[in-house]
Amino acid sequence: MKNWTLFYPFIIAATLVVGSMLLILLPDYLFVLIPGIAIFPAILLFIYLEKKRPFNSIWNQDAGDKKADLIRTFLTLPTALKLGEWIVPVLVYYPVMFLRDYLSFETITEIHVFWQIVILLLTSEFLFYWLHRWSHENKTLWLFHAVHHGAERVYWANAGRFHVIDAFITGLAYAVPIALLGSRAEAITTLLLLSAISGFLEHVNIQFYAGKWNYLFNTAELHRWHHSNEVEESNTNYGKVLIVWDLVFGTHLYNKDTSGLNAGVKGSKIPHTFLKQVLYPLEALKSVQVAETSPSGCDRPDQSYTSLP
Ligand SMILES: [Zn+2]
């Protein structure tokens, strides 16, 4: 593993093995805990490797953002994602099951669990791709998503640096296909496990080259470009686990020369503390309504501004 080319798929595979063992060992009602348990050893490994083998050692320095990042990673993100996962099933899954009984409507529950995971992953990633892309191209949604991009360094705890509204939208991207397609608990748990480990793995500040894996997974090598402070570089690589929809829709960016790569939002005044980040989009939105021009510090999506329908 000279260039650590297998690092990315190894972590994914190891996490899936741990998750599969937990699926066998734990009763159904504890499946909800599996993503959190299975990724925990990997998070410790990421923290260790970021110190030992950093992609950019400056990104390891606390920029006054660490406390807020940790609050979001271990509190806000899981809560918002779970809300998304719970609300949609209540609104969509049970009506779908009701219709299925009366109209002989087929879900994917009966097919092999492997194919359930493949179908769920492709559809969830498709929805995530477009919601994420929309969050970059729509000025209102960008105000919420900008909190994530405001980080001027890319490291493991960026995985949780999302505004609660943005995180909720992310939760919907995965919950809607689950609700509409129906599937077994094992498939849903595996899907959420893949999403969870990828969230950390795409942000890690660890030096490795993913090579051909950059055409299947949204690796950290690709995702760093998504955090670039250059708009045209950042409006790429929208996938979460997979990068295939970026390849399909022409937004895949793989540039091995990272000498000019800087993270963040140019001219941004996005705060570092937790509460100020929560309030930031709301205050910026007021500025938009008052001035009808870009709010200070968040003028990035002007070039591709589209109104909410
Ligand atoms: Zn983004």
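Helices here are DSSP runs of H or I with at least four residues, strands are runs of E with at least two, and both are numbered from the N terminus. With that convention, the tour of this predicted model can begin.

**The whole chain**

Display the full chain and colour it by secondary structure. The protein contains eleven helices and zero strands, so that, under the DSSP assignment used here, every element from the N terminus on is α. Of its 309 residues, 44% count as buried. Among contacts with a separation of 6 or more, 74% join residues 24 or more positions apart.

Next, colour by confidence. The mean pLDDT is 83, and 82% of the residues reach 70 or more. Where is confidence lowest, and where is it highest? The minimum falls in helix H3 (residues 66–103), with a mean of 66, while H10 has the highest value, at 98. Then select residues 290–298, where pLDDT is below 50; this stretch has 15 contacts in the model beyond near neighbours in sequence. Residues 302–309 also stay under 50, and the model gives them eight contacts beyond four places in sequence.

**Helices H1 and H7**

Select residues 7–25 and 185–201 together. These are H1 and H7, which pack at an angle of about 145° with their axes 10 Å apart. Their crossing is right-handed. To see the contact, show side chains for Tyr 8, Ile 11, Ile 12, Thr 15, Gly 19 and Leu 23 on H1, and for Glu 186, Thr 189, Thr 190, Leu 193, Ile 197 and Leu 201 on H7. By class, the residues of this contact comprise seven nonpolar, four polar and one charged.

**Helix H4 and its partners**

Move to residues 113–137, helix H4. How does the span of this helix agree with its number of residues? At 1.5 Å a residue, its 25 residues should span 36 Å, and the C-alpha atoms at its ends are 36 Å apart, so the two values agree.

Colour the buried residues of H4: Gln 116, Ile 117, Leu 120, Leu 121, Ser 124, Glu 125, Phe 128, Tyr 129, His 132, Ser 135 and His 136. To see what they pack against, add helix H5 (139–149), helix H6 (164–181), H7 and helix H10 (244–249).

Still on H4, pick Leu 127. This residue is partly exposed because 17 other C-beta atoms lie within 10 Å, between the limits of 12 for exposed and 20 for buried. Leaving aside residues up to four places away in sequence, Leu 127 touches Ala 173, Val 176 and Pro 177. A distance label between the C-alpha atoms of Leu 127 and Pro 177 should read 8.3 Å, although the two are 50 residues apart along the chain.

On helix H6, select Leu 180. Leu 180 is partly exposed, with 14 other C-beta atoms within 10 Å. Its C-alpha atom is separated by 10.0 Å from that of Leu 120, 60 residues away along the chain.

**Helix H5**

Now isolate residues 139–149. Ten of the eleven residues of H5 are buried, so the helix is largely enclosed by the rest of the structure. The buried set is Lys 139, Leu 141, Trp 142, Leu 143, Phe 144, His 145, Ala 146, Val 147, His 148 and His 149.

**Three loop residues**

Go to the loop between helix H2 (34–52) and H3 and select Gly 64. Is Gly 64 buried or exposed? It is exposed, because 10 other C-beta atoms lie within 10 Å and a count of 12 or fewer places a residue in that class. Gly 64 and Pro 271 are 207 residues apart in sequence, yet their C-alpha atoms are 9.6 Å apart.

The loop between H10 and helix H11 (274–291) holds Thr 273. Thr 273 counts as partly exposed, with 14 C-beta neighbours inside 10 Å. From Thr 273 to Lys 67, the C-alpha separation is 7.6 Å across 206 residues of chain.

End at Asn 237, in the loop between helix H9 (231–234) and H10. Asn 237 is buried, because its 25 other C-beta atoms within 10 Å exceed the threshold of 20. Check its backbone torsions: phi is positive, about 50°, although the residue is not a glycine. Most residues other than glycine have a negative phi.

Definitions and conventions. Residues are numbered from 1 along each chain as its sequence is written. This is a predicted model: local features need pLDDT of at least 70, side-chain atom pairs count only at pLDDT 80 or more; totals for chains, interfaces and linings use all residues. Axes are lines fitted to C-alpha atoms, for helices over the stretch in contact, and angles run from 0 to 180 degrees between N-to-C directions. A crossing is left-handed if the near helix is turned anticlockwise from the far one by less than a right angle, and right-handed if clockwise. Two residues are in contact if their C-beta atoms, placed from the backbone, lie within 7 Å. Ala, Val, Leu, Ile, Met, Phe, Trp, Tyr, Cys and Pro count as nonpolar, Asp, Glu, Lys and Arg as charged, and the others, Gly among them, as polar. The expected span of a helix is 1.5 Å times one less than its number of residues. pLDDT is the predictor's confidence in each residue, from 0 to 100.
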